[in-house]
Every structure is written in C-alpha cells, then in structure tokens.
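Notebook open, structure loaded. I want to look up the pockets, the cores, a hairpin and the cysteines, and jot down what turns up.

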Amino acid sequence: MEAIALPRPAPLLVDGEWRAAVSGKTFETVNPADERVITEVAEAGEAEVDAAVRAARRALEEGPWGRMSAAERGRLVWRMGERILEELDRLAAIETMDTGKTLFDSRKIELPMAAAIFHYYGGAATKLGGRTLITHPGAFTYTLREPVGVVAAIVPWNFPFLLASWKVAPALAAGCAVILKPASETPLSALEMGRIGLEVGLPAGVLQVLPGPGSTTGMALVRHPGVNKVAFTGSTEVGRTILREAAGTVKRVTLELGGKSPNIVFADADLDAAVKGAFTGIFYNKGEVCAAGSRLLVERAVHEEVVAKLAERARALKLGDPRDPATRMGPVISARQMASVLRYIEVGRREGAVLAAGGGRATEVNEGRGYFVQPTVFDRVSPEMTIAREEIFGPVLAAIEFDGVEDAVAKANATVYGLAAGVWTRDVTKAHLVARAVRAGTVWINTYNLYDPALPFGGYGQSGFGRELGLEALEAYLETKSVWLHLGS
C-alpha cells in the first residue's frame, strides 16, 4: 500500500478554513500496531470552540445554509456518501493506521456503511415535514419541523469515521450546523470528513472539526451557550459528566454509552452458527465495540461444547499488522487501554474464572511492538464477578451457564446496561419471547452485530438515551413548532 501523505501538524477546520490552534498546542496521534507517531494534530481550545460556534451560527442565520432548500441540502449530504466511496482506499488506510482495526474491516465494512448512511439521510432530507391539524373550526393549525441549531458531535475512538457519520449525516439532513469533536486517539479520519464536506460544497461553518481532549475541547463545547445540542457516544462515566455540564445551559443531549451485552445460546440452537456469531460478537474490532457480546450465556446442556469450540477458534485467531490481508485482529487502541484490559483479565483470574483461551499480551506479534492482546475466553464465570458486570472494551469473553428461559432472561437483565443482546435458538416462539423480555435497544436473533441505516440503534438504562440511525435519529436534530392562525368567529 502506498504511503498516505498527511500534514504535520494537521490543522483544525474552522469556518471553512484550515488553521492552527491560537495557543499553538499540538498533540501526537500514534499507530497502535507499531507505537510510532503518525503525525501531530492541532489542539483546539476555548478560542477555537467559540470561533466555531459563531461560524456555525452565521451559517444558520446569515449564510446560505439556513436558506437552502431541503433538496439542495440532501444533494450535498448524498454527495458526501459518493465521495466516501470514491476515496475508500485512502480513507481506509488512514482509519486502519489510526485505530489498529484491520484494513478489511475499514474498507469492506465500516466505510461503505458510512457512505450508505450519508446516502440514506441525503434521501431523507426532503421527507421532513410538519402536519396540518384540523382541531378547531375557527383556526388553521399546523406544525413546522425546524433544525435544532448548532450541534456538537462528540465521537469515540473505536469507530471514528463510522460513528461520526451516524451523527453528522442526520444533523446535516435536518439543516443543523455540526461541530465534530473526534477522540484524541483517532482524529485523522474526522479531518478527512471535514475535507470531504468542504469539497462537495458545504458552506463555511456547516461542518467544522475540532480535535482535542474531551476534558477541555469537549467540555468547552458542552458548556458553550451557543451550542443547542450535544450528540455523544462514549463511556457511561463521561456521559454522566456531559449531562451535568449540559444542564447549565439546558441544551438537548443524546447519549449512546457503554454496554455489557448478553449473547444467549439455547441448547436447541444451530451451535456452529452460534459459535461463529459469538466469536464475531466479541472479537470483531478487538472487542472495542459498545454492543460487543461480552457476556456469553450458554444453556447448561451445551455449555462445555460451545465454550470449547470458541476457545479453539480464539487460539487460532491470527493477530498481526492490520494492513496484512491475513490478519484477523489488530491491536487495541493504546497502551492505556491495553493495560486496562490486562487488569480485567487478572481480576477475572483472581475472582475464580477459568481461562479457556488467551489471557495476556500477545508479545510474539510484530516483534513485541504494538498493543496486541490475546483473544481471551473465560469459563465458569458467575454473574457477580467483575468481568461479568463491567465493560472491558477489549477481546475478553465471559461465559456463563444458565438453565432454561427464565434463568437466561434473569441473567441477561442482571446489568445496569441495556444496549444490545443476541438470541440463538431454532424455536421461533422462544426467540420472540426472549427478545421481548430482554431489556436492550437492539436484539439480534441467530446473528450478531449487524446494522442498517434505516434501523434505529440505542440503549436502555445506563447505555444512554436517544436513537442513532433510522428516521428516529432525525428527531434529535429537529424542533417542532406549532402555528395557530385565527380565522375569525
């Protein structure tokens, strides 16, 4: 693969212009596969946040964006999807370099999905309308749908480009102006999205990109009185902080937070398919997936068989350079995350869980460079263990036995989270009953971790509130105005 040319330092995108931070501050972004610095990136501070908010407000109130027809707006959003497909190779190379995910995942799965999301919302832009309500004989009453205004979209490091598309595309389709704040670990593809927005013709201030730490840049956006809405994906802990800080200006907030999702395998399931689905459910993207099926609930009669097959697959999983087509799992995102995952593995051992596969750093990979963790399977896990309760966000699976439907549902729901769940059974009645009983925003039956732009995604409980994707996502970026015209007595 050809080397990707990147500016050093990479600038911020504010008001249609690429610029350095006023403070002159920069930070490094590191390739997790070899621990080498990719480039430096300008660090946005309060000055850039304020400038971006003002530019967004001008775009809405004075510039062409607020006066643009829905059809024109939709065409620009659609064109962003087209450009993503045209630049798949470049974008995938940058995403893989910055995140450690395999090039296959970047190019074949995630970036095409991002393009599909821009296409979906490009088409949705002209479908937004109010209602005419005949409720009073002496009045003409109707509703209008208007953009909520300036949106701060704060996204995590596990799917930087894809999760940005989940927020940017519907917000633009609704007529909002977006300030995108990527994670400090993975700022590069967000800057590429900003570039694409400019090149397809988004007016200045409509899509701006401000890399920087969440504690400073992110919180400055959350607190700014000119920001009307915060759309956040990340940890539950940070989500709580955002809620508290946003309360000061009573701005709208949607949160897509953590998970500890149950993947339930009944004895009557197609066990080979269930093993394959459970394997993908936890080891896709190194387990750095909010909806990862990190709790594998297996009916007692087939528990040993399922865990043994999973452990065998885990031991055979090829780790390595994520650019290598033969690699099936890359490194976790950072040294800090690797240390966190390894601590959880040690806690699991200490609390009595039995290691069936993995359990340490993969030092044999890439001559010991990079943040590689062995795909790990724990057996004999009880629901009260730490590894069964807390989100690890790494390639660590906790296998738990259950007896019958009621026990499965009780153990599945024994969590503060409620993002996703899986159900594996040949009994269609059982599948639907369990899907209804499990408290989760998404339930996959005889599959796992599949998404579609038209299907809403979001959580129950401490997995957050609000929905991404689908027409439901547009609600977060729209205000409803009621109009009453008096017609006389």
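**Pocket.** I started with the largest pocket, which comes out at about 1,400 Å³. A reminder to myself: this is a predicted model. I counted 45 residues in the lining of that pocket, and the ones nearest its centre are Trp157, Ser235, Val238, Arg336 and Gln337. Then I checked which elements give two or more residues to this lining: they are helix H7 (214-223), strand S10, helix H8 (236-246) and helix H11 (335-350).

**Cavities.** Next I looked for enclosed spaces and got three cavities of 30 Å³ or more. The largest cavity has a volume of about 90 Å³. Its lining is made up of 17 residues, with Thr254, Phe465, Gly466, Arg467 and Glu468 nearest the centre. Strand S10 (229-233) turns up again here: S10 and strand S11 (252-256) each supply at least two residues of the lining of the largest cavity. S11 has the largest share of that lining, with three residues.

**Cores.** Which residues touch the most other members of the largest nonpolar core? I found Tyr121 and Leu180, in a core of 133 residues. Helix H5 (residues 160-173) gives the most to this core, namely ten residues. I also pulled the contacts of Leu180, skipping neighbours within four places in sequence: the list is Ala153, Val155, Ala164, Val168, Ala190, Met193, Leu207, Gln208, Val209 and Leu210. There is a second, separate core as well, with 29 residues, including Phe378, Ile387, Ile392 and Phe402. For background, nonpolar side chains tend to be buried together in soluble globular proteins.

**Hairpin.** I then went to strands S3 (residues 26-31) and S4 (residues 36-42), which run antiparallel and are joined by six bridges. Phe27 stands opposite Val41 of S4. Four residues sit between the two strands of this hairpin, and in it Glu35 takes a positive phi near 65°.

**Cysteines.** How many disulfides does a search of the whole structure find? Zero. I looked up two cysteines for burial while I was there. Is Cys176 buried or exposed? Cys176 is buried, because its relative accessible area is 0%, and the cut-off for buried is under 20%. Cys290 has 13% relative accessibility, so Cys290 counts as buried too.

Conventions:
Residues numbered from 1 in each chain as written. Predicted model: local features only at pLDDT ≥ 70, side-chain atom pairs only at ≥ 80, totals over all residues. Heavy atoms only, no water. Core = buried A, V, L, I, M, F, W, Y, C linked by side-chain atoms within 4.5 Å. Buried < 20%, exposed > 50% of the residue type's maximum accessible area, 1.4 Å probe, protein only. Contact = heavy atoms within 4.5 Å. Pairing = 2+ DSSP bridges. Disulfide = S-S within 2.5 Å. 1 Å grid on protein atoms, 1.4 Å probe; cavity = no way out; pocket = protein on both sides within 12 Å on 5 of 7 lines; lining within 4 Å. Points joined across faces, edges and corners; volume = space filled by probe spheres on them.
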